[in-house]
Amino acid sequence: FDVLDTPENARQSNLPDELNAFPYVNGQLFGGRLRTAHFDATMREHLLDAARHDWSGVSPAIFGSLFQSVMDAEQRRAKGAHYTNEANILKVIGPLFLDDLKAELASITARKSARNKELAKFQDKLARLTFFDPACGCGNFLVIAYREIRRLELECLKAQYGDQQIDAALLSRVTVDQFYGIEFEEFPARIAEVAMWMMDHIANNEINEAFRLNYARIPLKDSAHILHDDALEADWNELLPPESCSYIMGNPPFLGAKQQSDFQRLQVRKIAGLGGSGGTLDYVTAWFIKAGQYCQTNTRIQIAFVATNSITQGEQVAQLWPVLFDRHGLEIAFAHRTFAWASEARGKAHVHVVIIGLSHRNHEPSEKRLFSYPNLQGDPVESRHKALTAYLFDARGVTNRQ
């Protein structure tokens, strides 16, 4: 670790060749001191088994599942923590941005004129986008989003250059520096940073395979911006000014009003500003409302969160949605109706959720996408609508809000 954290020209002259062969990595990835682990025979065998394994096909997103699996069950419930698997992440980021970007790239590659010029513009667009998860945990949303954006950039480069050799260091411009997160616990926050670097390495290897290169982004100069803090207390503007933000996404904690601590309940009431008793809102609603506040200075920001399905039912509808619709000018751009949330860490569905995508009404899409689940554990059926209500059905025939 000392070698990986030391520039080549600052290393000891008598360093063994097998250590000196390691490149300088930097980026604080190998900074600081580690306490030496004193191994017994069993620990040594576990380490050797792990070292023998081929890790090339393992997604960094697996760390979220591993972290949740070692959490105490009571602690996990108290935090409202639910690991998000890749399939469910794609349900969020697909209609939020990925589907449109894929369609745009397909349209450009089908052009017969000014194709390379438009491809270059598209890559510029990818390099300008910023992604923010204010409840990022181990970074699964950021990791999968980064992987998909890098794959779009790779397809763009392949469309421009075919299989000729290119200077990947100059032509690949999407970086982990475009990704931001907030996480309350320090350990998962650090995991998120490392997972993003690992996904960056995987994406670089995909470029190497496509263009017959040997490209690596080291020393590390860019890193994901992961803030270790309470997202409901932190000033999101200081981490990422709204003017620079493109998309907000994530899976905030699932805690009903009765499961919240006194402090958490005060947080929700302060952010919602309902007055009186303060309402009976789920904890996740505070992220919706704070995101609505955040995007008032940049109404082009698109928002999508996983949430408990109770925010689209009963008394919470009257408490939450006037704040989002009327106070913050948001509209539902897409939604997944209730489906069963399966945790890979526990191997079974244990909660019913919805996914809500929001746009400011100044920039809402003309068609709203709705995904319905005839089988709560099956695949959705998509429909298109002019407007959607807070109960997640077609708004035709519903009296216009005043």
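Here is a short chat about helix packing, nonpolar cores and two buried residues in a predicted model.

Q: Hi! Let's start with helix 5 and helix 7: at what angle do they pack, and how far apart are their axes?
A: Happy to help. Helix 5, residues 86-109, and helix 7, residues 140-161, pack at an angle of about 15°, and their axes are 10 Å apart.

Q: Roughly parallel or roughly antiparallel, then?
A: Roughly parallel, because the angle of about 15° falls in the range under 35 degrees that counts as such.

Q: And is the crossing left-handed or right-handed?
A: Right-handed: that is how helix 5 passes helix 7.

Q: Which residues make the contact?
A: On the helix 5 side they include Ile89, Ile93, Phe97, Leu101 and Leu105. Helix 7 brings, among them, Phe141, Ile144, Ile149, Leu152 and Cys156. There are charged ones too, including Glu86 and Lys102 of helix 5 and Arg147 and Glu148 of helix 7.

Q: How do the contact residues divide up by type?
A: Into 15 nonpolar, 2 polar and 5 charged.

Q: Nice. Changing topic: how many residues are in the largest nonpolar core, and which have the most contacts inside it?
A: That core has 49 residues, and Phe97 and Met249 have the most contacts inside it. Phe97 is also one of the helix 5 residues in the contact with helix 7.

Q: Which elements give two or more residues to this core?
A: Four helices and four strands: helix 5, helix 6 (115-128), helix 7 and helix 9 (186-211), plus strand 4 (247-250), strand 5, strand 6 (330-343) and strand 7 (348-360).

Q: Which one gives the most?
A: Helix 7, with 10 residues.

Q: What about a second core?
A: A separate one has 46 residues, including Leu255, Val284, Val317 and Ile356.

Q: Let's look at Met196. Where does it lie, and is it buried or exposed?
A: Met196 lies in helix 9. Met196 counts as buried because its relative accessible area is 0%, and the cut-off is under 20%.

Q: What does Met196 touch?
A: Leaving out residues up to four places away in sequence, Met196 touches Leu142, Val143, Tyr146, Val176, Phe179 and Ala224.

Q: How far is Met196 from Phe334?
A: Their C-alpha atoms are separated by 28 Å, and the two residues are 138 residues apart along the chain.

Q: Last one: Gln302. Buried or exposed, and what does it touch?
A: Gln302, in strand 5 (residues 302-308), is buried, with a relative accessible area of 17%. Beyond residues up to four places away in sequence, Gln302 touches Leu96, Ser246, Tyr247, Ile248, Leu358, Ser359 and His363.

How values were computed
Residues numbered from 1 in each chain as written. Predicted model: local features only at pLDDT ≥ 70, side-chain atom pairs only at ≥ 80, totals over all residues. Heavy atoms only, no water. Axes fitted to C-alpha atoms, helices over the stretch in contact; angles between N-to-C directions. Left-handed = near helix turned anticlockwise from the far one by under 90°. Contact = heavy atoms within 4.5 Å. Buried < 20%, exposed > 50% of the residue type's maximum accessible area, 1.4 Å probe, protein only. Core = buried A, V, L, I, M, F, W, Y, C linked by side-chain atoms within 4.5 Å.
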